[in-house]
Amino acid sequence: MPISAVSAAEPPRAAVPPDTRHDKFERLVAKAQRFAPVVTAVVHPCDDVSLRGAVEAARLKLIVPLLVGPSARIREVASKSKLGIEGFEIVDSAHSHDSAAKAVEQVRSGRAQVLMKGSLHTDELMGAAVAREAGLRTSRRISHCFIMDVPGHDNALVITDAAVNIAPSLADKVDIVQNAIDLAHALGVADVRVAVLSAMETVNPNVASTLEAAALCKMADRGQITGAVLDGPLALDNAISIEAAAIKKIASPVAGRANVLVVPDLEAGNMLAKSLSYLAGADGAGIVLGARVPIILTSRADELLTRLASCAVAVLIVASRQASTAIQ
């Protein structure tokens, strides 16, 4: 099914040729459409943007929406925005916190395979998801990945963590890296190359991120991180530019060819992702990993195709996990 035009109400972006926009996300959605749609608990979809994203994802057969929120408000938004939600089940709630709790319960009871953020604050949703007794915790640290569609760059870039872990420890970063590697495999990346970023490409005892990068690479050598080749510390230029890596005389299978970028902390990751979006015309789908199910975490500023790409990522993760379980 064709993807409709994205919303006209989008934030200003860098001017890029129209034929270079969204191509990676278009392919991502098309790939996800080969699999069965996933039942998705859409948490508090009480504005046009969040409800429209769910409706369009359902139209494209990416998800089967389970709308969790105040039923009267959801129907009012649907009526005002002329969105057809007939046939969608609604789980009534009193308010946004109640919506988050009830959506998590839909997952715990086995009724939903994915969570999707609606018009509530991220901390409300994540608070319910990480609750110790009634949440969706696993043995893994929960982390966030941006999947960036950067015009002019051949493949999508995974950036982690730019939204959940503020100042992750080395132990946290082990899970953050492994989550990102597993995501890349779910997206169909056969050769996952992880660059652990810092401000420089040499180990400096005065710069903690370079020490942690070196430790992560050695942990990968010893099998504590699996499924990818790691290198670091690497600066951003020699992580993604073969020319920059050659000038610095860095020879590795990752330098200049990285498809996963691990940032030192949330501030660095957030600024990197937003710089790509607003200066390079990139778009970033968002997903939270490490919980029992993928959590689609979108921004109010995201345009429609970005929301659909986030849904597509969740579909591919669910399909990958099902395939892995079947093999076992």
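Which residues does Leu83 touch, not counting residues up to four places away in sequence? In this predicted model, Leu83 touches Asp48, Leu51, Arg52, Val55 and Ala78. Leu83 itself is found in the loop between helix H3 (71–81) and strand E3 (89–92). With a relative accessibility of 10%, Leu83 counts as buried, because buried means under 20% relative accessible area. One of the residues that Leu83 touches, Val55, is 28 residues away along the chain, and the C-alpha atoms of Leu83 and Val55 are separated by 7.2 Å.

Two other residues touched by Leu83, Asp48 and Arg52, also form a pair with each other. Arg52 forms a salt bridge with Asp48, and the closest N and O atoms are 2.8 Å apart. Both residues lie in helix H2 (residues 48–59). Their positions are four residues apart, which is about one turn of the helix. How accessible are the two partners? Arg52 has a relative accessibility of 33% and counts as partly exposed, and Asp48, with a relative accessible area of 28%, is also partly exposed.

The salt bridge in H2 belongs to a wider set, as a search of the whole structure finds 13 salt bridges. Another joins the side chains of Arg141 and Asp172, with a distance of 3.8 Å from N to O. This pair links distant parts of the chain, 31 residues apart. Arg141 lies in the loop between helix H5 (122–129) and strand E5 (143–149), whereas Asp172 lies in helix H6 (residues 170–186). Arg141 is partly exposed, with a relative accessible area of 37%, while Asp172 counts as buried at 16% relative accessibility.

A further salt bridge connects Asp191 with Arg193, where the closest N and O atoms are 2.8 Å apart. Here Asp191 is partly exposed at 42% relative accessibility, but Arg193 is buried, with a relative accessible area of 16%. Salt bridges may also be joined to one another: Asp23, Lys24, Arg27 and Asp149 are linked in a network of them.

The next topic is the packing of helices. Two packed helices are described by the angle between their axes and the distance between the axes. Helix H6, which holds Asp172, also packs with another helix. The axes of H6 and helix H7 (residues 208–221) come within 11 Å and cross at roughly 55°. This angle makes H6 oblique to H7. The crossing of these two helices, H6 and H7, is right-handed. On the side of H6, the contact is made by Leu170, Lys173, Val174 and Val177; on the side of H7, Glu212, Ala215, Leu216 and Met219 take part. By class, the contact of H6 with H7 contains six nonpolar residues, two charged residues and no polar residues.

A second helix pair is formed by helix H4 (residues 96–108) and H5, which pack at an angle of about 35° with their axes 9 Å apart. H4 passes H5 in a right-handed crossing. Which residues of H4 and H5 make the contact? H4 contributes Ser96, His97, Ala100, Ala101 and Val104, and H5 contributes Glu124, Leu125, Ala128 and Ala129. The residues of the contact of H4 with H5 divide into six nonpolar, two polar and one charged.

Definitions and conventions:
Residues numbered from 1 in each chain as written. Predicted model: local features only at pLDDT ≥ 70, side-chain atom pairs only at ≥ 80, totals over all residues. Heavy atoms only, no water. Salt bridge = Lys/Arg side-chain N within 4 Å of Asp/Glu carboxyl O. Buried < 20%, exposed > 50% of the residue type's maximum accessible area, 1.4 Å probe, protein only. Axes fitted to C-alpha atoms, helices over the stretch in contact; angles between N-to-C directions. Parallel < 35°, antiparallel > 145°, perpendicular 65-115°, else oblique. Left-handed = near helix turned anticlockwise from the far one by under 90°. Contact = heavy atoms within 4.5 Å. Nonpolar A, V, L, I, M, F, W, Y, C, P; charged D, E, K, R; others polar.
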